[in-house]
Amino acid sequence: MSAADSRASAAGKVASAPESFLGRRPARRRVWTDRLATAGLMAAVVIVLVPLGLILFTILRRGLATFSWEFLTQPMPYSLRKEGGGLVNSAIGTLMMVGLATAFSVPLGVLAAVYLAEYGKKNTLAGVIRFFTDVMTGVPSVFVGLFVYTALVVQVGFGALVGAIALSIIMLPIIVRSSEEMLRLVPSELKDASYALGAAKWQTVSKVVLPSALPGITTGVLLAVARAAGETAPLILTALGSFKIVTTLVGQPISALPLAILSGARNPFAAGQARAWAGALELLVIVLVFTILARVIASRSRISS
Amino acid sequence: MRDTFHNELERLDQDVLRMGAMVEAAIEGAILSLAEGDIERACAIMEADDAIDALFIDMEKRALAMLAQQQPVAGDLRLIVAILRVLTDLERAGDLAYNVAKITCKDLEIVKLKRVSILIYELGHASRRLFTKALDVWATKDATMAAEMDQLDDEIDHLYQDLVKELFLLRDETSFEVAMNLVLVGRYFERIADHAVNLAERLRYFTTGDEAHLG
Amino acid sequence: MNEESVFSVKGLDVRYGGAPALKAVDMEIGPRQITAIIGPSGCGKSTLIRCFNRMNDLIPGAAVSGEVLYHGNDIYAAGVDPVVVRRHIGMVFQRPNPFPKSIYDNVAFGPRINRFKGDLDELVERSLRRAALWDEVKNKLKKSALALSGGQQQRLCIARAIAVEPDVILMDEPASALDPIATVRIEDLMQELKKEFAIVIVTHNMQQAARVSDKTAFLYTEVDEETSARWGILVEYDDTSRIFTKPNDKRTEDYVSGRFG
């Protein structure tokens, strides 16, 4: 503004001053559009959160009543009508099968990811592996159960091992793809530095690339574990379910938490249903713990870099 | 690229010639005023030396700023260094012309000493010609011309020695003061010639980058 | 070939997927001095320096022909293992790239890979001292290297490179990602290091090359008019003081004077 203009506006004659930014309010229409959009987005978030909140709330309400030390340590009563008892056999079954599945799928999956990210990269075999892995992430889990049933259960019967195999088939593609992404994210400068120090390829992969990607890989693994813990359909056809505490791997049908929840939910008796709700709460807690653990590890690795 | 810098450098280069022209005029004027005993002209020359000094200071400042801010290298660096050295030669030559004019103001009546005055004017003109040649060498950046200057400088040295001999021969006919002042004038012209030779030497170093051409 | 030379390069040609990148480079790198490689962007400076430790092998489609003699041995001869070559030649990169490990583990990485049997603690301390970083990190060797500042990280990378006791250190624009103070410290460090190591540095900063190096190589691009293919050639290689006061080639003169970039 020229000196004359600043003197004029100072004297209060705003009309003669040129357009100034000060003292003008934003256009009304723009403000209202902003507010409307914000409100709409918040409404969408609320709508999404409502069912989630309801689920959590319901499980807590219904499950907490039956949640007790007895519940956590006692097996299912033979008569479903009876009160008391617990789902420890299902918990043991879940731990066994998920544990075994992790033991199968993690080394296999991570090594496959290392191949895809470091050795195969763009060649045909790598392309084929990636394609089939992507397909498998989309296969309905009941198909996996059906496959393992036809291939194995028919021969050896229901059991923990075949259940674990079914779960690992579900976990494997998740682990392969997420680990490959994490390995790809390792900056090539780190690999350059390793090579420049005279490291061979396998040394670079094992001592630099894998350790750098480890937090991300762990996150992927934990999420896969959380997913497997909740799978029901494949276990129906492979583990079948049981009342007893089972520790053998082959030949004996075994229970798992999702199976127990399912059968308990269909149960006409209140006691059975109550146990199912508590079982749902237990499963929820397990899944929550793993998911939170995954996030904590992921964020800690970000902090250090 | 770096147009601003290179344009600035070229302006500085041209200003060397401008200052040179001012000094050349001072030398020419000093000779004339001595020849005609023109005290007014001599005083004008003495005043004009201020302008020469002012230009010298300005150009030094610009050259230093360019060194500090532009970090010149290679040819650009050699040029700026050459300019800085040449400036001092020009400024000294200007001072020498001033000194000659100052002596003229003492009104020496050398016109009466025929032999001596001829020698002095020859010495002065030769010196002025050498100086002009040095400026031509700078303007054309022609190193081969620079090589010829030594020979001309030798002639000037001879003229100076002849002058001293002549003054010695005439020692009974002139006063001591006059003789001394005339020797000084001769010396000043001889040193103007030396500065002109220096200028040409600086130019040779700039073009060839060969240390043999220094000093 | 000069017996003293650390590297002797003859007729070096580099192609990437058939397209020429560098042609007919001849040069000698002497011991215990700093050699700078300068030139406009895209003229092949990084390509050239990566030939000295066969890092170009890692780029698919890279083909190197000609001789690169390291103490008289051609590192590109048939049967030479590039991994072994790289153990004798250290390299520092443009952006500091410490491993996401502790400071100690970063410096110890090279020696461990090479099955170092002696006192590792002493080697780590010695390397950090030579890299002018020991005093700043001696109390936090187990802390993550990523917590250091950019300049410290780069000195850590230098310590890591010299821990394997090479006799040459290659530096590809080591200070271009650092602030001016950190840059000066790296340059001072280079003056110290050159008492023991030959250093080859690629830099796009001419003043840095002028300040720091003993000899300078100027690379420039040649263009094939018909195919528009571009490749780098070595235009001039001389003492740094000559290159920056009276270069022989007009292209060098124009480049260092900033008449083109």
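Colleague: How many residues of chain C are in contact with residues of chain B?

Modeller: This is a predicted model, and the elements that give two or more residues to the side of chain C that touches chain B are α8 (206-212), α9 (240-245) and α10 (250-256) of chain C. The residues on that side of chain C divide into five nonpolar, five polar and three charged. On the chain B side ten residues take part, and the number of chain C residues in contact with them is 13.

Colleague: Which element gives the most to the side of chain A that touches chain C?

Modeller: Here 15 residues of chain A are in contact with 20 residues of chain C, and by class the chain A side has eight nonpolar, five polar and two charged residues. At least two residues of that side come from each of α8 (188-196) and α9 (201-230) of chain A. The element that gives the most, with six residues, is α8(A).

Colleague: Between which chains are the most contacts found, among the two pairs that touch?

Modeller: Chain A and chain B can be set aside, since these two chains do not touch. Of the two pairs of chains that do touch, the one with the most contacts is that of chains A and C.

Colleague: How far apart are the nearest C-alpha atoms of chain A and chain B?

Modeller: Chain C has residues in contact with chain B, and chain C also has residues in contact with chain A. Chain A and chain B, by contrast, do not touch, and the separation of their nearest C-alpha atoms is 33 Å.

Colleague: How many helices are there in chain B?

Modeller: Read from the N terminus on, the elements of chain B run α-α-α-α-α-α. The count of strands in chain B is zero, and the count of helices is six.

Colleague: What is the radius of gyration of chain B, and why does it agree with that of a compact globule?

Modeller: The C-alpha atoms of chain B fill a box of roughly 65 × 35 × 20 Å along the principal axes, and buried residues make up 41% of the 215 residues in this chain. Among the contacts in chain B with a separation of 6 or more, 82% are accounted for by residues 24 or more positions apart. Because a compact globule with 215 residues would have a radius of gyration near 17 Å, the value for chain B agrees with that expectation, at 19 Å.

Colleague: How many residues of α3(B) are buried?

Modeller: Helix α3 (residues 74-104) of chain B has 31 residues and reaches 46 Å from its first C-alpha to its last, which is close to the 45 Å expected at 1.5 Å a residue. This helix is largely enclosed by the rest of the structure, because the number of its 31 residues that are buried is 22.

Colleague: Which residues of β3(C) lie on the side opposite C:Ile34, C:Ala36 and C:Ile38?

Modeller: Strand β3 (residues 34-38) of chain C is mostly covered, with five of its five residues buried. Both faces of β3(C) are covered, and the residues on the other side from C:Ile34, C:Ala36 and C:Ile38 are C:Thr35 and C:Ile37.

Colleague: Which residue of β9(C) stands opposite C:Thr35?

Modeller: β3(C) pairs in the parallel sense with strand β8 (residues 198-202) of chain C over four bridges, and in that strand the bridge partner of C:Ile34 is C:Ile199. β3(C) also pairs in the parallel sense, over four bridges, with strand β9 (residues 215-223) of chain C. In β9(C), the residue that stands opposite C:Thr35 is C:Lys215.

Colleague: What is the value that phi of B:Lys141 is near?

Modeller: B:Lys141 lies in the loop between α4 (114-140) and α5 (143-169) of chain B, and it counts as partly exposed because it has 13 C-beta neighbours inside 10 Å. Phi of B:Lys141 is positive, in a residue other than glycine, and is near 55°.

Colleague: What is the value that phi of C:Glu165 is near?

Modeller: C:Glu165 has its place in the loop between α6 (150-162) and β7 (168-172) of chain C, and with 17 other C-beta atoms within 10 Å it is partly exposed. Phi of C:Glu165 is also a positive value in a residue other than glycine, and is near 50°.

How values were computed:
Residues are numbered from 1 along each chain as its sequence is written. Chains are lettered from A and ligands numbered from 1 in the order in which they are written. This is a predicted model: local features need pLDDT of at least 70, side-chain atom pairs count only at pLDDT 80 or more; totals for chains, interfaces and linings use all residues. A residue is buried if 20 or more other C-beta atoms lie within 10 Å of its own, exposed if 12 or fewer, and partly exposed in between; C-beta atoms are placed from the backbone. Two strands pair if DSSP finds at least two bridges between them. Two residues are in contact if their C-beta atoms, placed from the backbone, lie within 7 Å. Ala, Val, Leu, Ile, Met, Phe, Trp, Tyr, Cys and Pro count as nonpolar, Asp, Glu, Lys and Arg as charged, and the others, Gly among them, as polar. The radius of gyration is taken over C-alpha atoms; the globule rule is 2.2 Å times the number of residues to the power 0.38. The expected span of a helix is 1.5 Å times one less than its number of residues.
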